[in-house]
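Please look at the sequence and the model shown below before reading on. The paragraphs that follow explain a few chosen features step by step.

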Amino acid sequence: MSQAMMNMWISFIGLFLMFVSAVTAIYSREKLKGIFKGIGLTIAFVCLVVSGLIVAVIVLGGPTAIG
């Protein structure tokens, strides 16, 4: 698998983690109470930070050759 394809799949993982973060944060704030709310928001925050790091690494890595 080429480097460009690997970067594409890694960026999809970052986008998926952003989606998971948003859904988890909304669900935690609306439906959960007490310690479960805190755990849900912590999971959402960790997903957001990891996805941000993934996207930053991919974007700052620059363009890759397709061939």
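**Aromatic rings, a surface patch and two contrasting residues**

F12 is partly exposed, with a relative accessible area of 40%; this class lies between buried, under 20%, and exposed, over 50%, as judged with a 1.4 Å probe and protein chains only. The model is a predicted one, in which local features need pLDDT of at least 70 and side-chain atom pairs count only at pLDDT 80 or more, while totals for chains, interfaces and linings use all residues. Residues are numbered from 1 along each chain as its sequence is written, and side-chain values use heavy atoms, with hydrogens and water left out.

A pair of aromatic rings is described by the distance of the centres and the angle of the planes. The structure holds one aromatic pair. It is formed by W9 and F12, whose ring centres are 5.6 Å apart and whose planes meet at 80 degrees, an edge-to-face arrangement. Rings of Phe, Tyr and Trp (for Trp, its six-membered ring) count as a pair if their centres lie within 6.5 Å; planes under 30 degrees apart are stacked, those over 60 are edge-to-face, and the rest are tilted.

Where along the chain do W9 and F12 lie? Both belong to helix α1 (residues 3–31), three residues apart, which is about one turn of the helix. Helices here are DSSP runs of H or I with at least four residues, numbered from the N terminus. W9 is also partly exposed, at 45% relative accessible area.

W9 and F12 also help to make a nonpolar surface patch of about 890 Å², together with M1, M5, M6, I10, L15, M18 and L48. Helix α1 gives the most to this patch, with seven residues. Patch residues have over 30% relative accessible area and no salt bridge; nonpolar side chains (Val, Leu, Ile, Met, Phe, Trp, Tyr) are joined within 5 Å, and like charges within 9 Å. A salt bridge is a side-chain nitrogen of Lys or Arg within 4 Å of a carboxyl oxygen of Asp or Glu.

Is S51, a residue of helix α2, buried or exposed? S51 is buried, with a relative accessible area of 0%. Leaving aside residues up to four places away in sequence, S51 touches G14, L17 and M18, where contact means heavy atoms within 4.5 Å.

T64 is found in the segment after α2 (35–60) and is partly exposed, at 32%. With the same sequence neighbours set aside, T64 touches Q3, A4 and N7. The C-alpha atoms of T64 and A44, 20 residues apart along the chain, are separated by 31 Å.

Note on methods. Helix = DSSP H or I, 4+ residues; strand = E, 2+ residues; numbered from the N terminus. Areas by Shrake-Rupley, 256 points an atom, 1.4 Å probe, with all protein chains shown as cover.
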